[in-house]
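Please look over the structure below. The report that follows takes helix pairs, then chains and their contact.

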Amino acid sequence: MLWTILLLFGLAAAAPLVAKFAKGASGWLLAAGPAAILFAYLAQLPILPGESRSEVWEWVPGLGVELRFVLDGLSATFTLLITGIGALVLVYAGGYMAGKAKLGQLLSYLLLFLGSMLGLVLSDNTIALFVFWELTSISSYLLIGLDHERESVRSAALKALLVTGGGGLLLLGGFVLLGIAAGDLGLKGADAFSISALADLDLSAHGLYPAIMVLVAIGAFTKSAQAPFHFWLPQAMAAPTPVSALLHSATMVKAGIFLLARLHPALGGTDLWTALLVPVGAVTMLGAAITALGQRDKKRILAYSTVSVLGILVTLLGAGTVVAIEAAVVLLVAHAFYKAALFMVAGNVDHGAGTRDVTLLSGLRKAMPFTFAAGAVAALSMAGAPPMFGFVGKELFYGKLVTAEARSTLLILVAVATNVALVAAALLVALRPFVGSSAGVAKNAHEVSAPMLVGPLILAAAGLFVGLFPDVFDATLGSAMATAIAGQRVDMHLALWHGLNPTALGVMGLSAATLVLGAMVYHRTRRLLAPLAEALSRLRAIGPETWYEKGLAGLVTGSDRVTRGIQTGYLRHYVLAVVVAAVVLAAPPLLRSLPGAAPLFPEAPRPHEALLVAVAAASAVAAMVLRSRTAAIAALGATGAVIAMLFLLFSAPDLSITQIMVETLSVILLVLVLSRLPRLVTRSSRSRRIADLAVATLAGGTMALLAIAATTVSLDPEAARFFAAASYTEAQGRNVVNVVLVDFRALDTMGEIFVVAAAGFGIHALLRLAPETGGAA
Amino acid sequence: MSLLPALPVLVPLSAAALSFAAWKRLAVQQAIGVAGTGGLLAAGVALLAKTAGGAVLVLPVGGWPARFGIALAADTLSAIMVLLAGLMGLAVAVYALADVDRPRKAFGFYPFLHLMLAGVAGSFVTADMFNMYVWFEVMLLGSFVLLALGGERDQMAGAMKYVTLNLIGSALFLSAAGVLYAVTKTLNMGEVSTRLALIAGHHPHLVLALGALFLTSFAIKAGLFPFTFWLPASYATPPVAVSAVFAGLLTKVGVYALLRTFTVVFPVMERNFRILLLLAGITMVLGVLGAVSRFEIRKILSFHIISQIGYMVAALGLSISPDPEIRRLALAGAVFYIAHHIVVKTNLFLVGGVIRRLTGSFDLKRTGGLAKSAPWLAVLFLIPALSLAGVPPLSGFWAKLMVIRAGLSAGEWLLVAAAIAAGLLTLISMVKIWNEAFWKPAPSPAPHPRPGRGTLLAMTAPIAVLALVTVLIGLWPQPLLDVAGRAADQLLDPAGWAKAVAGDLR
């Protein structure tokens, strides 16, 4: 199975070149890839319930990540949809973008997307699945942003990326937690991340289950455009039509549904599962269906109707009963067929008539007969009219609601209302543009080229075929898919006609009522549109999309404020913060060490020692207070000299000599350099100086405490003894300090020599290469 | 006894000395520039080949016993770091052939680059606490001159902040090293480790205070909050080749020092790690907020360095966990993260330089149109940018996965939440650059003069190589994971390491 994914990625890399040379034919050429893969997977049919074929490739064993691909009913269905619709979309794109410079890019991104999607549905390892999941986000970002010269397109692409990407990060958190939980329950290594291994565990009893469930659900909701994360999807309309078809029908947005279906055996069947999925799905399906009717743009109508159907699917998966899962299976497949077809129809209308505004379009049936035919058949399926597959799906959906143990009138009402709106929407996109007067835009309209007709016609026909012969589907794939989702054996027996029993009659009554009501709503859409659009725009102002926009804007201004607060630009603030932080980190343990420490003065200091310390301290204070630079330097030198005397007192003559040399040299150099500068003046305010004094005292005090505390430890000064012993005998030097510098620790000295030498070169370079001398560019 | 551990110091120091000697001869300096950095890379490869099996190579300098003189030591971590320093050095040396202007080169760009690399590499191979200070100084001086070279106004302002705050760090380091010697009577890290472990029993607070002092001085180098001010102030001012090598290596020396000090040198004590975790979490978020707020490519990238440092230090902090598996995952994650980040960050700066060459500006308001005019650059930008944001299957994804997994396993929910939020914000700010420089149409009708082919080639070749490294690590992370795991094992065995470094394995 790996080869199929790699083939698509390879084609994606080759697409720009193919487009360059094959031009108009490149869509057909590249479609051969997914078509070949389609047939390869078709050859695997039938897949029986409970059957799964797998293939394993090692990838990152150290992190439990492997490419374990599983072909069962669920993944096989998706595989066929992805490659089949993908091939048609590539052909369509070749026609839609014929002669445009970005054709190669579009085809390349589409193939990248197809490959990622294929990897996603085949992966059994959660981390590998996540890798593909993110790749679909990235490739759809590139797809949506194809016309990136427009600002609105860029922001739509960003919106899609951030919503799905943000959800993706949470999903990753969920997957990692899932792996940890699985590890706790006994799975090791890559098994802990293998979805098929998870089904046997009792995850719902694990303490992490609620967190896992919430994170996974949010990940799925963002990807599958569930409220309140739905708003990115209609915005993604900015993308060209082939992209919309792919995003909405088979693939991208179904990834969330796929994930929920895939994880249902492992995570489903709990109250939390149902409580998360059903309300979100129900709100989404009704809200989006109504919103669809408030749109003028065909593609937006289709987009919202997609969101609505996704809501239905989430609701059904949330219910999780066998009937619900069967309904989800059928609706998912039916939707993939008709929605892809309708998006292509919308693209054709745009291409042929120059607009997608349903209030302007009419009478295209003569000018665009084939497009009309495809659209009409697909719309029947969308409306759930017999004998389409969509009808079968809706029957099951209603059947599930009517037969549910805890039958909810509210849910039935929501479902009927949703479907009524979807019927109206279907008529609006597939009937309205083609019927009526052909006086307006239809005058100059023309039918589109063959590549753009192949896709919608085949897809519409497929929906019809499966509707007429549903048992072919459930025998080869459907039952296996439902089994994979349910986690228990399911034998589907799909039919258009369910005989004469009370339930079947009730369901049929609901279906008929839905169609009639839908037609009635459709007839009033012209009058409904304006008030509905008005109400929607008011809702939008308080909706999640507005939060997103405000959030993003607030993020920029807020982060700017925070950053300005930290990065003030004043060095003195920085120094203060660094010193205070150092004290805060180092002082607390020191203070705690004090009680147990040895007394400050184990033996009383002798008078001359005390005097020397006093002089050193006084000189240090003088260095700070004096206004004359020369005097301050002299005071600093005095401190150094006194310290040298202290070294002498404590029998370290070598050290003392070194110290005196260093001090003398520094004083001379400092006087030479600084004496030509003006007198020091006080610029800071009194309160600031007091604060500075406090901080400096704290910092100095901390260092002093540390130095004192250090004396409480007495270890064997092994190294010092070695230096003293070996200095003369082995290194042939009488002055230990010198020997340490030039022999024992010669590497330090070499480094410092480089520092000093380089400082010389550096000063030379900095002085000579000043901008005034025309140095820097 | 092998001289190998000395090579990372000897090669760049010799290159620096030779370049100083050839002060007036630019062509010679350029040749040495490429050869010297290439030599450092070769030294890194050789070291890694020798240490990848878990060996610690020790070289007592001058033949004095390691405990008394200075020992250079290279374990797997050192070898990885040297290798990366060499790779970045080479990339930048080649890039600078075209990018750094002639006057800057005439006034010592190359020798100071070598000097800085010597300081960087020296810090990685030294096993002596004071000697590390010396290498920090070498690095500081080299980097300061590189930063200030050219003397433009904002450059000098940035350089002043850089050098002042780093000198405070140096002073703290020096004081800490002094006190450390007063306490342990040794500077050899292995001996220090053994002795501190003893002392911690009786004087835990003293060891903690000393640890806090080292932590502070290394945190300044690493750019951890609240010690990070110097970084955004200075990194956006010098030529991009300089920013790039700084971005890749300098802060990572601080992270390396933290990693080294708080695993094998200091006894493992909870307080240090709590501090690291806290600062790391704040650093991640504040750093990325800075990036979100800026509109200049180099400033955005500079703030990202800070944010990413947070992830690395967080991984180190997580290694306090009592569970050995988490400890290993966390430390391996830290090493993996450092390796990934060095490559990606340097590369992003290098790409930024090409963006400026093609559009005339680092200011995103004035860039645009590159998706059309330079699609190859678009690909070369996306690879490191998405990797930085942790998008799979690039190197950054695995790095983030390890940190998040260690964090969740250790139950550090807040830290992981911060990491995830920072990840999303990183994506936002990378997309900002993408939108403004690549997708947006070029703002001015008059195109900026396009640089010559040779110039573009010299600038693009290193970018392409580094991007390739990122992709390879992404698609095939196991080898780096193995090496990082080996490094983690060594860091988790302080006693064994201390013994080797103190020269007890003769």
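In this predicted model, helix α12 (residues 271-293) of chain A packs against helix α17 (residues 409-430) of chain A at an angle of about 30 degrees. Angles under 35 degrees count as roughly parallel. Therefore α12(A) and α17(A) are roughly parallel to each other. Their axes are 9 Å apart, and the crossing is left-handed.

Which residues make this contact? From α12(A) come Ala282(A), Met285(A), Leu286(A), Ala289(A), Ile290(A), Ala292(A) and Leu293(A). From α17(A) come Leu411(A), Val414(A), Ala417(A), Thr418(A), Ala421(A), Leu422(A), Ala424(A) and Ala425(A). The residues of this contact divide into 14 nonpolar, one polar and no charged.

A second pair sits elsewhere in the sequence of chain A: helix α24 (residues 607-625) and helix α25 (residues 629-649). Their axes come within 8 Å and cross at roughly 155 degrees. Angles over 145 degrees count as roughly antiparallel. Therefore α24(A) and α25(A) are roughly antiparallel to each other. The crossing is left-handed. On the α24(A) side, the contact residues include Leu612(A), Val615(A), Ala616(A) and Ser619(A). On the α25(A) side, they include Ala635(A), Leu636(A), Thr639(A) and Val642(A). In this contact, 15 residues are nonpolar, two are polar and one is charged.

The third pair is helix α14 (residues 322-353) of chain A and helix α19 (residues 470-486) of chain A. Their axes are 9 Å apart, and the packing angle is about 125 degrees. That makes α14(A) oblique to α19(A). The crossing is right-handed. Val322(A), Ile325(A), Glu326(A) and Val329(A) of α14(A) take part. They meet Gly478(A), Met481(A), Ala482(A), Ile485(A) and Ala486(A) of α19(A). The contact has seven nonpolar residues, one polar and one charged.

Here are the three pairs in brief.

| Helix pair | Axes | Angle |
|---|---|---|
| α12(A) and α17(A) | 9 Å apart | about 30 degrees |
| α24(A) and α25(A) | within 8 Å | roughly 155 degrees |
| α14(A) and α19(A) | 9 Å apart | about 125 degrees |

Now for chain A as a whole. It has 30 helices and two strands. The domain assignment gives domain 1 (1-268), domain 2 (275-523) and domain 3 (525-567). It also gives domain 4 (573-597 + 682-713) and domain 5 (607-681). Domain 4 is thus written as two segments. The C-alpha centres of domain 3 and domain 4 of chain A lie 49 Å apart.

What is the radius of gyration of chain A? It is 38 Å, whereas a compact globule of 777 residues would have one near 28 Å. The C-alpha atoms of chain A fill a box of roughly 115 × 65 × 50 Å along the principal axes.

Chain B has 21 helices and two strands. Its radius of gyration is 21 Å, close to the 23 Å that the globule rule gives for 506 residues, so chain B is as compact as a globular protein of that length. Along the principal axes, the C-alpha atoms of chain B fill a box of roughly 75 × 55 × 40 Å.

How many residues does each chain bring to the contact between them? Chain B brings 92 and chain A brings 82. On the side of chain B that touches chain A, helix α7 (residues 153-184) of chain B gives the largest share, 11 residues. That side of chain B divides into 60 nonpolar, 22 polar and 10 charged residues.

Conventions: Residues numbered from 1 in each chain as written. Chains lettered and ligands numbered in written order. Predicted model: local features only at pLDDT ≥ 70, side-chain atom pairs only at ≥ 80, totals over all residues. Axes fitted to C-alpha atoms, helices over the stretch in contact; angles between N-to-C directions. Helix = DSSP H or I, 4+ residues; strand = E, 2+ residues; numbered from the N terminus. Parallel < 35°, antiparallel > 145°, perpendicular 65-115°, else oblique. Left-handed = near helix turned anticlockwise from the far one by under 90°. Contact = placed C-beta atoms within 7 Å. Nonpolar A, V, L, I, M, F, W, Y, C, P; charged D, E, K, R; others polar. Domains from an automatic or database assignment. Rg over C-alpha atoms; globule rule 2.2 N^0.38 Å.
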